[in-house]
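Trainee: I have a new model open on my screen. Where do we begin?

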Amino acid sequence: MAPAFRSRPFTSMAQTFISLNDGNKAPWLGFGTGTALFGKDAAESVSTAIQTGIRHLDGAQAYVNEDSLGKGIKASGIPRSELYVVTKLRETVPAGTTPKSALQESLKKLGLDYVDLYLIHSPFKAAQEGKLKEWWASMEETKNEGLAKSIGVSNFYVDHLKTILEDAKIVPAANQIELHPYILKAAQPTLDFCKERDIVIESYGGLTPVARVPGGPVDPVITAIAERLSKETGTVVNSGQVLSKWLLQKGIIVITTSSKVSRIQEALAVSSLPDLTVEEIKSIENEGSKLHKRIFMKHVFNE
Ligand SMILES: NC(=O)C1=CN([C@@H]2O[C@H](COP(=O)(O)OP(=O)(O)OC[C@H]3O[C@@H](n4cnc5c(N)ncnc54)[C@H](O)[C@@H]3O)[C@@H](O)[C@H]2O)C=CC1
Ligand SMILES: O=CCc1c[nH]c2ccccc12
């Protein structure tokens with residue numbers, strides 16, 4: 001029988017978390033350092049994000065800014081124990097490097113003793129080389145040795161997950177994938193499989209309908225919901241917040257980013273907005289299914 005699905009959001013000390021299958025919990029909203037901040041000094045943005053209320057930071061070796069992510073964390077003045085820090089293993093692991101030794105390098109750059117979550121950034125190269133199982137075994141070592149509190153994957157589809165689960169001692173805690181209404185249909189088999197195995201989904205690119213593909217079929221629906229929520233709360237609620245609320249209600253962690261404090265405040269306010277109705281959720285998904293858009297990893301899918 002499939003295990004009970006534990007990723008329902010819960011609120012504690014005014015913060016909303018998503019429970020993971022290993023007993024740990026992650027703040028529902030993560031601040032990304034991989035799109036606008038890719039290859040840049042992220043220290044000031046990270047420190048500002050934390051001071052604005054963000055507690056979950058999403059990094060990666062491939063973003064070439066782990067050192068400044070670490071500096072931003074220190075500069076924020078918020079104790080390490082109150083933060084949730086994620087990094088990811090680069091897609092190409094040079095000969096003589098393992099996921100574990102790569103994490104040790106990342107930790108040095110970050111200036112930290114452990115990360116809360118360590119992810120394999122992408123399965124495609126390792127799958128081609130037949131190394132997915134070997135990588136996962138080394139990921140398991142990082143958790144067993146306390147270098148990572150939780151371990152997971154990113155951009156994994158059902159076959160990649162099935163491959164590592166054949167020998168896994170630890171089931172991935174999370175799978176970070178592109179997720180918004182225009183890719184939901186394509187992602188559904190992955191979402192279903194992850195739900196069955198109690199693997200939490202983390203979304204990136206979640207604001208695609210407002211930030212990258214405006215004018216698409218979900219626009220009228222999310223605008224109408226934003227208007228309803230604005231009236232009901234007496235504050236201005238926008239369509240981007242509606243998209244994040246949709247993800248959160250599905251038990252999905254949202255990774256977003258912005259250099260603007262007002263955008264970060266908007267994102268943080270989402271968890272306390274009133275819920276979308278079942279009909280509203282259905283309308284977003286129905287309208288979203290009328291357009292397919294993948295923003296990231298297009299090269300892999302030939303789209
Ligand atoms: N694992 C992976 O392969 C990937 C991970 N990521 C992670 O996710 C993070 C966030 O990714 P994004 O796709 O940038 O997030 P996103 O889809 O949330 O977009 C963020 C952008 O939306 C804008 N925005 C916010 N609210 C808006 C509104 N109401 N109207 C219009 N625009 C609005 C922001 O200013 C920002 O430029 C990255 O920095 C990275 O950490 C991103 C891509 C791939
Ligand atoms: O994380 C988002 C984009 C990105 C940058 N470098 C890599 C490597 C492998 C997968 C995704 C990415």
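Trainee: Which residues of helix 10 are buried?

Mentor: Keep in mind that this is a predicted model. Buried means under 20% relative accessible area. In helix 10, the residues that count as buried are Ser239, Gly240, Gln241, Val242, Leu243, Ser244, Lys245, Trp246, Leu247 and Leu248.

Trainee: Why is helix 10 largely enclosed by the rest of the structure?

Mentor: Helix 10 covers residues 239-249. It is largely enclosed because, of its eleven residues, the number buried is ten.

Trainee: Which residue offers a side-chain oxygen to the backbone nitrogen of Gly240?

Mentor: Look at the start of helix 10. The oxygen reaches to within 3.0 Å of that nitrogen. It belongs to Asn238.

Trainee: What is the phi of Gly251?

Mentor: Gly251 sits just after helix 10. Its phi is positive, at about 80°.

Trainee: How many residues are in the largest nonpolar core?

Mentor: Val242 of helix 10 is buried. Val242 is also among the residues with the most contacts inside that core, together with Leu57, Ile73, Tyr118 and Leu179. Ile73 in turn touches residues that include Val46, Ile50 and Leu57. The core's residue count is 84.

Trainee: Now the ligand. Which residues surround ligand 2?

Mentor: The protein covers 75% of the 310 Å² of accessible area that ligand 2 has on its own. The surrounding residues are Ala62, Tyr63, Glu91, His121, Ser122 and Met297.

Trainee: How far is a polar side-chain atom of Tyr63 from an oxygen atom of ligand 2?

Mentor: First place the residue. Tyr63 lies in the loop between strand 5 (56-58) and helix 2 (66-76). UniProt, in an unreviewed entry, lists Tyr63 as "active site". The distance to the ligand oxygen is 2.5 Å.

Trainee: Is Tyr63 buried or exposed?

Mentor: Its relative accessibility is 11%. The cut-off for buried is under 20%. Therefore Tyr63 counts as buried.

Trainee: Which feature does UniProt place at His121?

Mentor: His121 is in the loop between strand 7 (115-120) and helix 4 (124-128). An N or O atom in its side chain is 2.8 Å from an oxygen atom of ligand 2. The unreviewed UniProt entry gives the feature as "binding site".

Trainee: What is the relative accessible area of His121?

Mentor: His121 touches several residues farther along the chain, including Ala60, Lys88 and Asn155. His121 is buried. Its relative accessible area is 12%.

Technical notes
Residues numbered from 1 in each chain as written. Chains lettered and ligands numbered in written order. Predicted model: local features only at pLDDT ≥ 70, side-chain atom pairs only at ≥ 80, totals over all residues. Heavy atoms only, no water. UniProt positions renumbered as here; feature names shortened; annotations may be inferred. Helix = DSSP H or I, 4+ residues; strand = E, 2+ residues; numbered from the N terminus. Buried < 20%, exposed > 50% of the residue type's maximum accessible area, 1.4 Å probe, protein only. Contact = heavy atoms within 4.5 Å. Near = heavy atom within 4 Å. Polar contact = N/O pair within 3.5 Å; in protein donor to acceptor, adjacent residues only side chain to side chain. Areas by Shrake-Rupley, 256 points an atom, 1.4 Å probe, with all protein chains shown as cover. Core = buried A, V, L, I, M, F, W, Y, C linked by side-chain atoms within 4.5 Å. Lists of a residue's contacts leave out its neighbours within four places in sequence.
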